[in-house]
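Work through the exercises below with the structure open beside you. Try each task before reading its solution.

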Amino acid sequence: MSALADLSTSFVGRRGRLFWLALKTSVLTVLTLGFYRFWMKTRLRRFYWSSIRPGGQPLEYLGEPLEKLLGFLIAVVFLAFYIGVVNLILMFLSFALLQGNVAAYVLSFVGVIPILFYAQYRARRYILARTRWRGIRFGLEPGAWGYAGRALWHWIITLASLGVFWPRMTYRLEKFRTDRTTYGTVTLTQGGGWGMLYPAYLLFYIPALVTAGSVAFVIWFDDEIALIAMMISVPVALFGWVFYQVAAFRLMAATKSAGGVGFIAAPRSWRVFWIYGFGYFLAGLVMFSVLIAALILLGAVLGVSGSFSIDLDNIDSLMNAGLPFWAATAIGVAFYFSFFIGWGVLRQVFVTLPLMKHYAETLSITGVSGLLAVRQTERDRFAEAEGFAEALDIGAAI
Amino acid sequence: MTTIHVTDGAPQFSAYADFLDGESPVVHRVGINIDEGGPDPALVLALPGKPARRWPLAELRALRDQAGKDMLVLARQGNPLARLMVSDDEAMRILSARAPRLRHAPHAPGRGRLLAWAAGAIASVALIILVLVPLMADQLAELLPADGERALGDTTFEQIRTVLSENPLAPVAICEAPEGLAALAKMTDRLIPGTTLPSELNVHILDHDLINAFALPGGQVILFRGLIDAAESPEEVAAVLAHEIGHVVARDPARIALRTAGSVGVLGLLFGDFAGGAAVLFMTERLIQASYSREAENNADIFALDLLDQAGLPPAALASMFERFREAGGEAEGLIAHFSSHPALGDRIARAGELTQVSGAPVLSVREWRALQNACSPGDLTSGGRQRESRKK
């Protein structure tokens, strides 16, 4: 049975369908004062998951909007207590003892950091628990506080070492997550070691050091000659950052295994860099064109046209020119929300989808005969969904 | 959608599809056909080497929001695990036409339990915002030392000046014409004997059109230029000042500042603006509008009437200032909202005014009153009431 061929992955999601789905759900989200966002997230994930077909079989996303809403509400209760009561006490102590609010803000933020890591792990657990491939559930064992503690510790080491130990953090945290990830009855294992990430990291770290050195030079000697060095080092560091992310994904995928099943990921840094750059450029271009068109249309409709210059004073005078207050407000609010809806939808279409497509299409699965031993596992009843991540607004992309 | 009528005489439909049993990740190639016999027609899945499975057509559900139109992923109602992937065009068309509830949403389990949780969560948040935070804020406000209260007031004063300004780099100016400040000091000195202030009183005028006034923690009282412009007499300004001193004496501002600090973050959280700028904005807004409790406002009124009485000033000025606010109309905020929502209160003050003998001299001389009106435009003493003239156009 070991002669089974490797499975390649196809991606069938198309921009047009995603555009309409994202637009429709975004508009509904605004109309329902944000409540539809749990449905929106669910529907977008169904779309993306079903787009990815390793070995021709689509992934299935089984998350429910209502459990997301519930998780959000539960998280809000805890965070309301934290923000309401703890912040109140911090604010009081800060003013009573230090006559200022800086200490309160700093402590309050520091207090949230462990919750952020906790939320990240829980969100991942929820998403994996609601993902199936070939009818078999993925899963992530509980361990959010352990993860939060380790993440904090690695961040402290990384910051204290001025970034030298960043690859160690990348590897260790990924290993923590991977070693607890299950596919049916099989548990994944992260092999390799953190040393393997260093060659790729240098392409980011060296230009980043040059940039930091140049900034220090400009501040220290008040000589702007170092800005020339930054003109090279900043773009290289940006590319280096993408290069590192892609390489880390590739290297760590190659060293993951699950009961004889292995992975080959071959995403290309230039492609990813291009998707980011070109995708955001296109999204910005479309937004800008639509904005201009909308302003011209507004001017024409109101008959106050004559000059189509777009400065804020002009809009102000448009608003004051005989429009009732509620109408002006409605137009303003509509503009405001349209902007965020438009940007969110375009980002899905021009950045998220192409990225996911590239990562999917360059992934293959090896040692397929290992799948034969896999059996189904119990459903992870995880009612809180990704509530904390939702409430803290992290990992909100999809 | 094309509807295909399969009649008795039609050729028997059959195709192949991929079947997942939800027990192992092995994909089974199965033959499918529709069994018309019996009361509920069913899709029959012929698994090699196993008994055929019958999925009644009425129980077939298609997964929603799927990306690929080349594949129909089917589930059976009540069976969360098994899946049938149909990629054959003909089969997809026939199933779409024949399965009556293919596009229905699958029944989500445990909806009642979820809703119960949701109600509980909302109740808890309401409890925290409406009961716990105000209770703690009231207690903590009593404990706040004078230095801390002053710092709290200073911080919020700066925030308010920034928020009210149209230019974020230039906060709203504090009016500092020396004659105007002298007149203000005279007015304050007339009022405060006989009060027990928690800390030194500090009155400022802000160069802004709002017809409003408010008190901040640490004994600060802020009058807007718009209020002085709207007043017909210095006694009316004194009446508002007396009302705000009432809040200072009761330490209402510290209480509300702490309350807001607690509850604003929670509200920001609910509306997806965690630690965002809107929270700060809202907080300062709340302070300006000073939505004190009705009880606190009434106490401040009673306090103001006593204070005016003691200072030998006409309490009726409070009532006429209230009339002024009502005339200004439009945006009823804070103090104005308080007055305009309590016309009975105005009557009460008016009656108090009739009963009280006004014993003292006017609070300011004509020259001092003009100086106060021009506190925001120094060196312009000749054109008294400039702002008011322009307002009345």
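## Exercise 1: Chain B as a whole

In chain B, contacts between residues 24 or more positions apart make up 60% of those with a separation of 6 or more. The model is predicted.

Task: State how many helices and strands chain B has, and what share of its residues is buried.

Solution.
- Step 1. Count the elements. Chain B holds 14 helices and 10 strands.
- Step 2. Turn to burial. Chain B has 393 residues, and 39% of them count as buried.

## Exercise 2: A sheet and its helices

Task: Give the strand order of the open three-stranded sheet in chain B, then find the helices on it.

Solution.
- Step 1. Read the order. It is β8-β10-β9 (chain B), and the pairing is mixed.
- Step 2. Find the edges. β8 (202–206) and β9 (213–216) of chain B each have a single partner strand, so one side of each lacks a neighbour in the sheet.
- Step 3. Check the twist. From one strand to the next it averages 20°.
- Step 4. Take one pair. β8(B) runs parallel to β10 (residues 220–224) of chain B, and five bridges join them. Leu206(B) has Phe224(B) in β10(B) as its bridge partner.
- Step 5. Add the first helix. α3 (residues 146–164) of chain B packs on the sheet and touches β8, β9 and β10 of chain B. Its direction makes about 145° with that of β9(B).
- Step 6. Add another helix. α6 (residues 234–250) of chain B lies across β8, β9 and β10 of chain B, at about 25° to β9(B).

## Exercise 3: One residue in α6

Task: Decide whether Ala238(B) is buried or exposed, and list its contacts beyond four places in sequence.

Solution.
- Step 1. Place the residue. Ala238(B) sits in helix α6 of chain B.
- Step 2. Apply the cut-off. A residue is buried at 20 or more other C-beta atoms within 10 Å. Ala238(B) has 27, so Ala238(B) is buried.
- Step 3. List the partners. Setting aside neighbours within four places, Ala238(B) contacts Met187(B), Leu191(B), Leu313(B), Ala317(B) and Val363(B).
- Step 4. Check a distance. Leu184(B) is 54 residues away along the chain, yet the two C-alpha atoms are 9.1 Å apart.

## Exercise 4: A helix crossing

Task: Describe how α4 (residues 178–191) and α13 (residues 366–373) of chain B cross.

Solution.
- Step 1. Take the geometry. The axes come within 7 Å and cross at roughly 115°. The crossing of α4(B) and α13(B) is left-handed.
- Step 2. Name the residues. α4(B) brings Glu179(B), Gly180(B), Ala183(B), Leu184(B) and Lys186(B). α13(B) brings Glu368(B), Ala371(B) and Leu372(B).
- Step 3. Sort them by class. The contact has four nonpolar, one polar and three charged residues.

## Exercise 5: Contact between the chains

Task: Find which helix gives the most to the side of chain A that touches chain B.

Solution.
- Step 1. Count both sides. Chain A puts in 49 residues and chain B 51 residues.
- Step 2. List the helices. α1 (15–31), α2 (37–51) and α3 (65–98) of chain A each supply at least two residues of this side.
- Step 3. Pick the main one. α3(A) gives the most, with 20 residues.
- Step 4. Check the confidence. The predictor gives the complex an ipTM of 0.82 and a pTM of 0.76.

Conventions. Residues numbered from 1 in each chain as written. Chains lettered and ligands numbered in written order. Predicted model: local features only at pLDDT ≥ 70, side-chain atom pairs only at ≥ 80, totals over all residues. Pairing = 2+ DSSP bridges. Helix = DSSP H or I, 4+ residues; strand = E, 2+ residues; numbered from the N terminus. Axes fitted to C-alpha atoms, helices over the stretch in contact; angles between N-to-C directions. Contact = placed C-beta atoms within 7 Å. Buried ≥ 20, exposed ≤ 12 C-beta atoms within 10 Å, placed from the backbone. Left-handed = near helix turned anticlockwise from the far one by under 90°. Nonpolar A, V, L, I, M, F, W, Y, C, P; charged D, E, K, R; others polar.
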